[in-house]
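Got the viewer open? Here's a short walk through the model, one selection at a time.

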Amino acid sequence: MVKKSKTISRDDKKVKREQAEKQLKEIKQRVQDLTSEEYKTFERFKELPLTADILRGLDRSGFHSLTEIQKLAIPECLKGNDVLAAAKTGSGKTLAFLVPVVQKLVFENWSDMDGLGALIITPTRELAVQIYEVLLKIGKYTQLSAGLVIGGKDYSFEKERVGRVNILIGTPGRLLQHMDESATLQTDNVQMLVLDEADRILDMGFKKTLDAILGQLPAGRQTLLFSATQTKSVGDLARLSMVNPKYVNGNLANGGIGGEELSLPESLEQSYVVVPLNEKLSLLWSFLKSHLQAKILVFVSSSKQVHFIYETFRKLQPGIPLMKLHGRQKQKARLETSMKFTQSKNCCLIATDVVARGLDFPAIDWVIQLDCPEDVSTYVHRVGRCARFGRQGKSMLVLLPNEEEGFISQMSAKKIEIKKLNIKGSKKKNIQSQIQSLCFNSAELKYLAQKAFISYCKSVIIQKNKSVFKIDELPLDLFASSYGLPGMPKLRLPKKVDDESRMKLKEKKNENRKLKSLSNANDEGEIEDQTKKVRTKYDKMFERKNQDVLSEHYMQLNPGLGGKMSNTSDDDDDDEEFMKVKRHDDEVKTADLPELELNSSKRAMKKALSRKLTAMKGDKGAKLVFDEDGKAHPVYELDDEETFLKEGPSKVHSEFLSTEREKMTKADEIDKGVVRDKRAEKKRRRKELEKQLEGDSDDSEGPYVATLGALASGDENADNYESDEYGEGVPDLENDLEDSEGEDDVQPEKKKQKKWFDSDKYKDRDSKDAGVFEIEQPETTEDLEALAAKLMN
Ligand SMILES: Nc1ncnc2c1ncn2[C@@H]1O[C@H](COP(=O)(O)OP(=O)(O)OP(=O)(O)O)[C@@H](O)[C@H]1O
């Protein structure tokens with residue numbers, strides 16, 4: 001009886017397996033036969049030739065209909081072409097490249113053994129995290145594993161696990177650091193490279209880093225470039241080794257390959273206002289006061305300005321929650337703010353361009369550009385944070401009188417129409433006197449104001465676009481007053497900022513500090529430990545050449561008088577190197593400073609002085625040990641040369657060497673064994689697979705049914721998944737192999753789900769529930785980190 005059922009089961013499985021293989025072949029064939037006429041008619045994901053695992057992930061994540069760019073780009077990518085795709089902000093480019101990445105590796109039966117198969121590079125950490133989240137969702141039902149490597153996270157944690165993932169997402173600096181340092185990370189098998197926001201990566205000073213990454217990837221890989229504002233620079237494309245790239249433009253109404261247009265979401269309402277530089281803060285204040293229930297994103301040109309405006313407004317309390325986000329913050333704070341802003345309904349986030357690209361914050365009502373963007377592309381990306389995926393959104397650009405003509409004409413040249421608004425006098429509230437009073441009472445705020453002032457001037461000077469940014473025409477004295485400064489800091493401006501120095505500045509800003517310290521290592525490979533030299537905000541303030549702020553408020557640094565001085569230094573002081581503040585004498589004139597109120601009775605001073613003198617002149621003393629005869633000896637005594645030579649090499653030394661040698665040999669043997677086992681295991685699996693494919697393997701039957709059951713035959717655990725919609729019985733050979741090792745009783749769906757989050761191979765064997773991961777969808781940073789940890793464990 002048992003025998004009979006076994007036979008039926010075996011036959012059944014064989015049939016199903018053959019069916020599944022046939023279907024996979026058919027999908028591959030459909031991909032090859034796809035014509036652009038055909039795929040332009042597609043409306044839904046299930047019409048695309050995708051495997052059941054991926055369709056299921058998409059379905060469960062709520063993605064059913066195709067957007068224009070998805071309809072056009074996915075088939076081109078599936079066919080193995082190099083693709084250069086452009087489409088409006090918020091139009092779904094992330095899925096347009098993630099779906100082909102996952103499908104390519106599924107087609108190739110990619111497994112843990114095959115290592116890294118796809119690399120996705122993004123310009124910012126936040127964007128990398130966002131893509132990672134989407135990938136986890138849509139790839140949940142495949143056997144692939146994914147990893148996230150971004151600066152500011154635990155490097156050694158990543159280093160240990162980075163060699164085990166199939167799809168790696170990260171920022172350029174951190175990726176290169178891993179490629180250079182992690183022995184386990186093999187990049188010679190990479191099938192796909194994706195650059196999201198490619199033009200930004202190429203533009204923002206990552207060129208050298210990117211070149212170094214590209215140098216380690218195989219030439220035959222497929223390359224995909226996505227952005228709302230695409231690069232077409234021949235030089236850039238050559239550097240990326242793109243072969244006959246297909247240009248996909250999702251901005252064209254009829255859906256086209258080729259085309260140059262740059263367009264904005266239809267649901268976006270754009271406007272601009274013109275105000276003098278010294279009225280910008282008052283304008284922002286008035287705007288916030290009249291939009292207390294809105295979700296607002298404010299862009300300014302530097303992290304110092306973010307810091308100053310945030311701190312000032314926080315003290316003035318506009319009545320709307322305030323947040324700040326810039327690239328100089330600690331990574332934890334950045335992720336927390338992103339998360340909070342995502343969840344909040346009414347608040348104002350003041351940020352730099354670190355959030356201008358790709359970030360999908362839901363339901364932003366207003367994007368305010370308080371400082372003019374460096375170019376029209378940046379404008380497009382900034383406003384693109386609202387009006388996403390058909391939602392309504394409004395934007396307001398704040399221009400200075402001398403910026404208006406230049407910038408608006410450049411917008412018109414790109415066919416971007418924007419209406420001018422006049423602000424009613426009654427709506428304006430001038431907050432200059434409040435800011436001045438705040439700065440007068442707080443040395444820290446005044447210091448921040450000075451830094452913000454300098455960095456704004458710097459941001460104007462380094463701009464390439466001189467028809468818009470004209471430092472000589474700015475009323476800097478009035479601007480300083482509006483920031484609460486009693487006078488304008490005198491600036492020594494650089495005579496000329498050419499392209500080369502501009503690029504150097506960008507490179508410096510984005511450089512990976514670890515890589516930099518490696519390049520600064522001496523011949524012995526020693527790196528000076530910078531971590532020991534943590535500079536606090538106090539240090540920075542006292543190191544500054546310009547002590548105007550400090551001398552005036554010197555006494556107020558006493559926490560009781562000068563306001564709270566936080567010890568958390570969350571931004572770097574890089575302005576001083578670029579632009580020195582002019583001063584007549586670099587030293588603080590101690591005579592000008594008020595007397596310090598110390599305990600200065602004559603007796604106390606005399607005592608202190610005599611102690612100090614004793615300490616300086618007196619013998620420092622030495623530590624001695626006494627022998628049995630009571631004679632004193634120094635703790636360490638040197639032998640004379642004769643005795644030393646007679647005794648030969650120290651016993652301790654040689655013992656140490658031999659034990660260490662032994663340890664090394666053992667470790668080496670273990671390592672070799674592991675590699676041998678891995679190879680043998682892989683070979684065995686391949687053979688087993690071949691056997692299964694030939695259909696004469698006895699031990700393939702039990703688990704095969706289980707696997708296909710979940711995918712195709714209405715498994716109860718399949719969470720109402722309508723498998724027939726997606727093509728029944730697409731085989732999952734990797735899963736078959738796993739199952740054939742005696743885990744017949746594992747429910748197929750659970751197993752597959754577990755595989756994505758936490759491969760069996762990496763699960764914590766000590767933990768009771770090792771390998772079972774409860775969280776379905778990451779909702780918080782902690783969830784995401786837990787997922788990543790589980791995934792990579
Ligand atoms: N097919 C789809 N069905 C439903 N929602 C979708 C679909 N594609 C994308 N979305 C949603 O649309 C929003 C924008 O998508 P995405 O972030 O990929 O846009 P983008 O084109 O990359 O934008 P940007 O240019 O700003 O980077 C996201 O919230 C995403 O979940």
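Start by colouring domain 1 (21–249) and domain 2 (268–482) separately, then select the shell around the ligand: each of these domains supplies at least three residues to it. Keep in mind that this is a predicted model.

Stay with the ligand and show its surroundings as sticks. You should pick up 19 residues, with Gly 92, Lys 93, Thr 94, Gly 358 and Phe 389 the closest. Now colour that shell by class: 10 residues are polar, 6 nonpolar and 3 charged. Which helix gives the largest share of the shell? That's α5, residues 93–107, which contributes 3 residues.

Next stop, the nonpolar interior. As a rule, nonpolar side chains in soluble globular proteins tend to be buried together. Here the largest nonpolar core has 141 residues, and the members touching the most others are Ala 85, Ile 167, Ile 169, Val 298, Ala 351 and Ile 368. Highlight helix α18 (residues 443–461) too: with 11 residues, α18 gives the most to this core. Go back to your domain colours and you'll see why the core lies between domain 1 (21–249) and domain 2 (268–482): both give residues to it.

Zoom in on Ala 85. Ignoring neighbours within four places in sequence, its contacts include Ile 69, Ala 73, Ala 96, Leu 225, Phe 226 and Val 248. Lys 93 is also in contact with Ala 85, and you've met Lys 93 already among the residues closest to the ligand.

Finally, select residues 10–37, listed by UniProt in an unreviewed entry as a "coiled-coil region". In the model this span is 93% helix and 0% strand, and its end C-alpha atoms are 43 Å apart.

Technical notes:
Residues numbered from 1 in each chain as written. Predicted model: local features only at pLDDT ≥ 70, side-chain atom pairs only at ≥ 80, totals over all residues. Near = placed C-beta within 6 Å. Helix = DSSP H or I, 4+ residues; strand = E, 2+ residues; numbered from the N terminus. Nonpolar A, V, L, I, M, F, W, Y, C, P; charged D, E, K, R; others polar. Domains from an automatic or database assignment. Core = buried A, V, L, I, M, F, W, Y, C linked by C-beta atoms within 7 Å. Buried ≥ 20, exposed ≤ 12 C-beta atoms within 10 Å, placed from the backbone. Contact = placed C-beta atoms within 7 Å. UniProt positions renumbered as here; feature names shortened; annotations may be inferred.
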